[in-house]
Amino acid sequence: KMDEVFELVCESSATVIWQPDNISCDMTPPKYFERFCLPYYIKHGEQLHGRGKIYVVHMDGRLRAIRELVARTPIDCIESYSFPEIGGDLPFAQARAAWPNKVITPNFPSSLATQEKERIVSFIMGFLEEIKPYKTVMLQVSEDLPPGTWSRVLSILCECVQQ
């Protein structure tokens, strides 16, 4: 059925295709990723690229053990990458080194949302410093920020980015 879905997607006017797979080594260890996911991503990624589409896949959690396998995929963007501060096991610099031609959209650690402003600023400024050499990085804020923290966190993020 997924082959049929991808054919429909290829025929659509959409230019960016997001696949909410939620890949993490906790649930998809390397041997299963290589056997099942890698051929799937290669097949469908090439299919999408043949139609000029961008392929985005949700991969959060632990990715260290599959980083070389992910590098072999034609996925354009690793969406919702998890910093070690929120349970990921692959430091951002190592993710960039493993995936130099992929966009990585890390998730702002929601656990920081209730911290002191200085802690949030320190984290964001450290991240901004780390990404200076790269042009293919975005920071995303997901839906799991604690209630009542959205405007505060977004204000702090905007202040940091404008500096």
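Two strands are taken to pair if DSSP finds at least two bridges between them, and with that criterion in hand the strands of this predicted model can be followed from one partner to the next. Strand β3, which spans residues 77-81, is joined to β2 by three bridges, and the two strands run parallel; within this pairing, Val57 has Ile78 of β3 as its bridge partner.

On β2, Val57 is also the bridge partner of Gln19, a link that leads to strand β1, residues 16-23, which pairs with β2 in the parallel sense over five bridges. Helix α2, covering residues 30-50, belongs with these two strands, since β1, α2 and β2 make a β-α-β unit that is right-handed. As for the surroundings of β2 itself, which comprises residues 54-59, five of its six residues are buried, and the strand is therefore largely enclosed by the rest of the structure.

Further along the chain, attention turns to a pair of helices. Two packed helices are described by the angle between their axes and by the distance between those axes. For helix α5, residues 117-131, and helix α6, residues 150-162, the axes come within 10 Å and cross at roughly 45°. Because angles under 35 degrees count as roughly parallel and those of 65 to 115 as roughly perpendicular, α5 and α6 are oblique to each other. The crossing in which α5 passes α6 is right-handed. On the α5 side, the contact is made by Lys117, Ile120, Val121, Ile124, Met125 and Leu128, while α6 contributes Arg152, Ile156, Leu157, Glu159, Cys160 and Val161.

Terms used: Residues numbered from 1 in each chain as written. Predicted model: local features only at pLDDT ≥ 70, side-chain atom pairs only at ≥ 80, totals over all residues. Heavy atoms only, no water. Buried < 20%, exposed > 50% of the residue type's maximum accessible area, 1.4 Å probe, protein only. Helix = DSSP H or I, 4+ residues; strand = E, 2+ residues; numbered from the N terminus. Right-handed = clockwise from strand over helix to strand, strands pointing away. Axes fitted to C-alpha atoms, helices over the stretch in contact; angles between N-to-C directions. Parallel < 35°, antiparallel > 145°, perpendicular 65-115°, else oblique. Left-handed = near helix turned anticlockwise from the far one by under 90°. Contact = heavy atoms within 4.5 Å.
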